[in-house]
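I opened the notebook to look up the fold first, then some single places in it. The entries are kept in the order in which I checked them.

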Amino acid sequence: MFNDKESFKQVFRETLIGKLGKPLEEASNADVYKILGNMIRENAGKNWAETNQKYKLDKDKQVYYFSMEFLIGRLLGNNLLNMGVLEVVREGLADLGFCLQDIEEEESDAGLGNGGLGRLAACFLDSLASLQYAGHGCGIRYKYGLFEQKIVDGYQVELPDYWLQNDNVWEVRREDKQVEVRFWGTIETREENGRLVFDHTQYEAVRAVPYDVPIIGADRRHVNTLRNWSAESITQPSRTFGSFAGTDYHKFLEYKRSVESISEFLYPDDSQYEGKLLRLKQQYFLCSAGLQSILRTYAKLGTPIESLPDKVALHINDTHPTLVIPELMRILMDVHGLGWDEAWSITTRMVSYTNHTILSEALEKWPIQMVRELLPRIFLIIEEINARFCGELMSRYPGDQDRIAQMAIIHDDQVRMAHLAIVASHSVNGVAALHTEILMKREMRLFNEMYPHRFNNKTNGITHRRWLLHANPDLANLINQSIGTRWVSHPQEMIGLIKYCEDASFQEQVASIKRQNKLRLAEYIYSKHSVHVDPDSIFDVQVKRLHAYKRQLLNILHILHLYNQIKDNPSMDMVPRTFIFGAKAAPSYHLAKRIIKLINTVAEVVNKDPDVKGKIRIFFLENYSVSLAEKIIPAADISEQISTASKEASGTGNMKFMMNGALTVGTMDGANVEMHEMVGDNNMFLFGLRAEQVMDYYQHGGYHARDIYNGDSRVKEVLDQLIKPGPICCHATEFESIFHSLLDNNDEFFVLKDFASYVETHVEIDRAYRNRQEWLKKSIINIGHSGKFSSDNTISRYAAEIWNISPVRL
């Protein structure tokens, strides 16, 4: 892009003069952001075109990653980093009177994702491009994203997240690449030349228009694509709906509103029929638009359709894009004229599936009637897949009706999407060793018995470029000075830091960097809460989606217990703690929203109590996002990864904190298990039930939450504070739902069972933090081992073991 600082300043000044239409000194940060973003995209566009041309000439295999969300965060700094000009731009802007950090604040976080699933997809795209693989993302261009979270009187309030209000400088609208997606209607069959033909009539047509975002690799030259689809109405009203001939204006407006809702916002509330229907429409819209685009591109190669699996790999990120399977079958049979067996062979060789959870709520099931009416041709195909699969089961396990019922794709008036994904994929992977073991031995045991070579593990990873090089540049520079820069392209070489874990000088430099990061976060917290934060306190952080199994509730109940101890003994000796939360609760998830209120209520009481004397501070940072995470994670001392054992598939937040030197307090769940294998008992803080104990309780019973309530005075005290008049319970019914979820519903996620162990572990954390040298040693050991969790390593395994793709050299 630029050779040096002086050439940058010259180009930048000339661009500003040419595009601003005003003197440089009158330019705002927003003006500079927009121009700088366009400059990057235009320069990246040359490599974008070169990359795509190289892919076409080589005709190598490409992978398309289908995901309902891509939590990509801000792109300005990350793109500058990957293009190798971040420092040149930073210095050049400073010479011109601008601060790059201020300019980055002008960019909204892209509203394309929510939690770990979307952030994983974004890290994977970064690694695909950086490792020179031909790999692209297929998603939806949500107009409003999830929601903007505001905390009002302690309650979560959801506002529209209109992240596109100032346009998105990174995307390119490709109207020439639009396709048509069809819903509703009827299917008519006829025979033609000895084969059955299916005609879709009376359908509702939707225009799918792609917006392409360049994904710039760290080699500065490879630029892949994130293609997000926008749902738009057909401009010829007579073609929108079979029953609408274009004469009813109000019906056309109703149609237009219905279409626009498809790509309006992420994860509509599916507690009611209309929300479920909209989610299903979103999923088919993504799958159909993406596949039509991919096959249209493939057709230009002039290669026989039978060779499609040699050129294209399709990966579905959790169950949401499972409709890729029947849609691909539809296109191969109805458009390309293949028979069932040929289409099925192609489909099963192309599709691979990542399972991200064992939670039943995420293993989607759709009512048969809904699928049949909304997607009539797709339902016929699913029905046929199920019939053939059940026939295979009956042949292999004659008379075992219970097994067939458990494994069937269609059962009990529902379509089981996870079953469809497993049956039609050549690879099914979990995302951590423990999670994969649970899938194979318990949740999907029958499928693993039938397809013993189909299941495999690919532990999740994070891109160290964003989460260390960009988010924590001072630490990255220290690593460069200590072990050289080769770790940037070979992150596992961060293990070389271990030799410095007891080096006093290195420890002090790590400590100084951590303190500066804590000061920056403290400034941010003061700007939001007008409360000073002690940078020498332990920054104890839990930031992630708010869900009962992630157990933010356990965290805040422990804090309430600490508060009770201080009230009983104001002179209590403890290292000051700053507890930081960040999380969004789904709008219809009332228990989760009540937990947010509890956190804020406890914070209000504790932060204002003079008896506490600064020993505890609690902050809930609203509207948690990637850009906020980039402020929080480098400053953390403690990483709370306290999910109920067996429930967290992997976690990627745990990896980000580890990479930035925080120590993990956690259960033996997800990737915590693999972290423990690397760093050992001495360098993380483990507590609580193991996965096998949790699953044994679920299977055989034997746990009674009221026994703990009646037997542990600490538990009884904090729970009674939720329902009895006092500073925490100002309204008798405010926290009743939390109280009853723990006692009347028998504490589904073992919050009370793990409480005593959690309290003891935090006592150990207090002791460990007092030994500064030992704490820094533990921190450095964690940083050194974190390179294993780079998404570069994960993607290399996907590429070699699942997708069968190779790097494309430019």
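The entries below go from the whole chain to its cores, then to one helix and a few single residues.

**Entry 1: the whole chain**

I note at the outset that this is a predicted model. I counted secondary structure and got 32 helices and 23 strands. I then looked up the extent of the C-alpha trace, which spans about 90 × 75 × 55 Å along its principal axes. The radius of gyration is 27 Å, and a compact globule with 810 residues would have one near 28 Å, so the chain agrees with that rule.

I checked burial next: 60% of the 810 residues count as buried. For contacts with a separation of 6 or more, I found that 76% are between residues 24 or more positions apart. The exposed surface comes to about 31300 Å², and carbon and sulfur atoms supply 47% of it.

I also tallied charged side chains. There are 92 positive and 106 negative ones. The centres of the two sets lie 3 Å apart.

**Entry 2: the nonpolar cores**

In soluble globular proteins, nonpolar side chains tend to be buried together. I therefore asked which residues touch the most other members of the largest nonpolar core. They are Phe 66, Phe 285, Leu 314, Ile 616, Leu 719, Leu 752 and Trp 803, in a core of 218 residues. Helix H8, residues 273-299, gives the most to this core, with twelve residues.

I followed one of these, Leu 719, to its contacts. Beyond its neighbours within four places in sequence, Leu 719 is in contact with Leu 557, Tyr 709, Phe 739, Leu 742, Leu 743 and Leu 752. I also found a second, separate core of 50 residues, which includes Ile 479, Ile 525, Ile 632 and Ile 783.

**Entry 3: a polar residue in H8**

I went back to helix H8 for Gln 282, which is found there. Is Gln 282 buried or exposed? Its relative accessibility is 1%, so Gln 282 counts as buried. I listed what Gln 282 is in contact with, leaving aside neighbours within four places in sequence: Met 68, Ile 140, Tyr 142, Ser 261, Ile 262, Phe 265, Tyr 267 and Pro 268.

**Entry 4: helix H25**

I looked at helix H25, residues 672-679, and found it mostly covered, with seven of its eight residues buried. The buried ones are Asn 672, Val 673, Glu 674, Met 675, His 676, Met 678 and Val 679.

What covers the buried residues of H25? The cover includes helices H16 (433-443), H24 (653-659) and H31 (772-785). It also includes strands E21 (638-641), E22 (663-666) and E23 (685-686). Just after H25, I noted that Gly 680 takes a positive phi of about 80°.

**Entry 5: positive phi outside glycine**

Most residues other than glycine have a negative phi. I looked up two that do not. Asp 167 is not a glycine, yet has a positive phi of about 70°. It lies in the loop between strand E4 (155-159) and strand E5 (172-173). With 58% relative accessibility, over the 50% cut-off, Asp 167 counts as exposed.

Trp 184, also not a glycine, has a positive phi of about 60°. I placed Trp 184 in the loop between strand E6 (179-183) and strand E7 (186-192). Trp 184 counts as partly exposed, at 22% relative accessibility.

**Entry 6: two buried residues and their contacts**

I picked Val 181 in strand E6. Val 181 has a relative accessible area of 0% and is buried. Its C-alpha is 9.6 Å from that of Cys 287, although the two are 106 residues apart in sequence. Not counting residues up to four places away, Val 181 touches Glu 204, Ala 205, Val 206, Ala 208, Tyr 284, Phe 285, Ser 288, Ala 289 and Gln 292. I had already listed Phe 285 in the largest nonpolar core.

The other is Ser 646, in the loop between E21 and H24. Where a residue under 20% relative accessible area is called buried, Ser 646 qualifies with 5%. The C-alpha atoms of Ser 646 and Glu 692 are separated by 7.8 Å, and the two residues are 46 apart along the chain. Setting aside residues up to four places away in sequence, I found Ser 646 touching Ile 358, Ile 438, Asp 669, Ala 691, Val 694 and Met 695.

How values were computed
Residues are numbered from 1 along each chain as its sequence is written. Side-chain values use heavy atoms; hydrogens and water are left out. Helices (H or I, at least four residues) and strands (E, at least two) are DSSP runs, numbered from the N terminus. The radius of gyration is taken over C-alpha atoms; the globule rule is 2.2 Å times the number of residues to the power 0.38. Buried means under 20% relative accessible area, exposed over 50%, partly exposed in between (1.4 Å probe, protein chains only). Contact means heavy atoms within 4.5 Å. Accessible areas come from the Shrake-Rupley method with a 1.4 Å probe; for residues, only the protein chains shown count as cover. Lys and Arg count as positive and Asp and Glu as negative; His and the chain ends are not counted. The place of a charge is taken as NZ of Lys, CZ of Arg, CG of Asp or CD of Glu. A nonpolar core is a set of buried Ala, Val, Leu, Ile, Met, Phe, Trp, Tyr and Cys residues joined through side-chain atoms within 4.5 Å.
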